[in-house]
Amino acid sequence: MAIEVRDLSAWYRETQALKEVSLSFESNSVTALIGPSGCGKSTFVRCLNRMHEEAPGARLNGKVLVNGTDIYGRSMRARDVRQQIGMIFQRPNPHPLWSVFDNVAVGPRLNGLSRGSRLRELVELSLQHAGLWEEVKDRLGAPARRLSGGQQQRLCIARAIANHPQVLLMDEPCSALDPIATFQIEELIRQLKRDYIVVLVTHNIEQAGRVSDRTAFLLSGRLIEEGPTSELFSRPQKSETDAYLSGRFG
C-alpha cells in the first residue's frame, strides 16, 4: 500500500492554500505534517480523502494516487475513497445521542460490510484496536456523550477502523485533549501503524518527534523539507526548517 501525491495545488476560491506539493507515504508508517498555522497542513490531508472538494469554491490541481489509482479519477466516488481513507478530526465528533455501539456501526451499516453477529464482532474488534473495548464493553448502549473527551476521540478512531480503511488521517487529534488522553492517543498511533498508513497533522513538534517515522515541514503552502524524523529534527537541510524547529518562528 502506498500513496503518492504529485504536484498538488489547492485553492479556496482565489486563495491558494497548497503550491505544487509532492509527497509519498508508505505502509506501516506514521508521517507527521508540521508547520505554522495556515501553512496548508489541514488542507493537504483533506485533499487525501476528497474532503477539500466539499468546501465552497474549492478546487485543486495535481494527482493523489493510491496504489497507482487517482482518487480524483472519473470512475472514483468520494464515498468509496473515504471508506478506504479514514479521517479523525481535531475535536471528537461522535454523534452525541447515538450509542457507543451505533457510532462504530454506522459506517459498516451504510457500506454493507457486516450485519447481525458479524456486525457485533466488527464493532468489538474496532473498539479493541482503538484501545477502548475494556472501558466501554459494559455500556455499549450508552450515549457517546457520556464518554470522556479522550474516550470520544478513541471512539472516532474505532468508527474509522470499522470501515476497513487502509489509511488513517489524523488532523491534530490531541489538540482538545488533556495530557493523559494525549498520551493514550499517542500510544494508540504507534500501534495503529502496524496495520495502516497514518498521516498526522500536529502543531506539537515534540509529539511529531515521539510518534512519527517521517516528518514533512510545510510553509506558506509549500513543502520545504521531508525525511526521517530523527534526521530532519537533528540535521535539517533547509534554513526555514531549522528556524521553525528551533522556535524562531511558528
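**Entry 1: cysteines.** I began with Cys 156, whose sulfur lies 13 Å from the closest cysteine sulfur, that of Cys 174, which is too far for a bond. I note here that I am working from a predicted model. I then looked up the cover of this residue, and with a relative accessibility of 3% Cys 156 counts as buried. For Cys 39 the closest cysteine sulfur belongs to Cys 47, and because the two sulfurs are 13 Å apart I could again rule out a bond. Cys 39 is likewise counted as buried, at 2% relative accessibility. A disulfide would need two cysteine sulfur atoms within 2.5 Å, and by that rule I arrived at a count of 0 disulfides.

**Entry 2: the chain as a whole.** I next turned to the overall build, and recorded 10 helices and 10 strands for the protein chain. For its 250 residues a compact globule would be expected to have a radius of gyration near 18 Å, and the value I found for the protein chain, 18 Å, agrees with this. The C-alpha trace spans about 55 × 45 × 30 Å along its principal axes. I also noted that buried residues make up 50% of the 250 residues. Among contacts with a separation of 6 or more, 67% join residues 24 or more positions apart in the chain.

For the surface, I wrote down an exposed area of about 12000 Å², of which carbon and sulfur atoms supply 45%. I then looked up the charges, 32 positive and 28 negative, and found that their mean positions are 5 Å apart.

**Entry 3: positive phi.** Which residues have a positive phi although they are not glycines? I noted Asp 7, with a phi of about 50 degrees, and Asn 28, with a phi of about 55 degrees. Asp 7 sits within strand β1, which covers residues 2-12, whereas Asn 28 is placed in the loop between β2 (15-26) and β3 (29-34). As for cover, Asp 7 counts as partly exposed at 47% relative accessibility, and Asn 28 is partly exposed as well, with a relative accessible area of 45%.

**Entry 4: Leu 23.** I followed this residue in strand β2, where Leu 23 counts as buried at 6% relative accessibility. What does Leu 23 touch, once its neighbours within four places in sequence are left aside? I listed Ile 3, Glu 4 and Val 5, then Leu 33 and Phe 44, and finally Ala 216, Leu 223 and Glu 226. For one of these partners, Glu 4, I also took the C-alpha separation from Leu 23, which is 6.1 Å for two residues that are 19 residues apart along the chain.

**Entry 5: Arg 46.** I located Arg 46 in helix α1, residues 41-48, and recorded that this arginine is partly exposed, with a relative accessible area of 26%. Not counting residues up to four places away in sequence, Arg 46 touches Met 51 and His 52, Met 87 and Phe 89, and also Asp 171. Of these I checked Met 87 further: this methionine is 41 residues from Arg 46 in sequence, while the C-alpha to C-alpha distance is 8.5 Å.

**Entry 6: Val 123.** My next stop was helix α4, residues 116-129, in which Val 123 lies. Buried or exposed? I found Val 123 to be buried, with a relative accessible area of 2%. Beyond the residues up to four places away in sequence, Val 123 touches Phe 101, Val 104 and Ala 105. I also looked up a pair separated by 126 residues along the chain, Val 123 and Phe 249, and recorded 44 Å between their C-alpha atoms.

**Entry 7: Asp 178.** I closed with a loop residue, since Asp 178 lies between β7 (167-171) and α7 (179-192). At 46% relative accessibility, Asp 178 counts as partly exposed. How far is the C-alpha atom of Asp 178 from that of Gly 149? The separation I noted is 8.5 Å, for residues that are 29 residues apart along the chain.

Key:
Residues numbered from 1 in each chain as written. Predicted model: local features only at pLDDT ≥ 70, side-chain atom pairs only at ≥ 80, totals over all residues. Heavy atoms only, no water. Buried < 20%, exposed > 50% of the residue type's maximum accessible area, 1.4 Å probe, protein only. Helix = DSSP H or I, 4+ residues; strand = E, 2+ residues; numbered from the N terminus. Rg over C-alpha atoms; globule rule 2.2 N^0.38 Å. Contact = heavy atoms within 4.5 Å. Areas by Shrake-Rupley, 256 points an atom, 1.4 Å probe, with all protein chains shown as cover. Lys, Arg positive; Asp, Glu negative; His and termini not counted. Charge placed at Lys NZ, Arg CZ, Asp CG, Glu CD.
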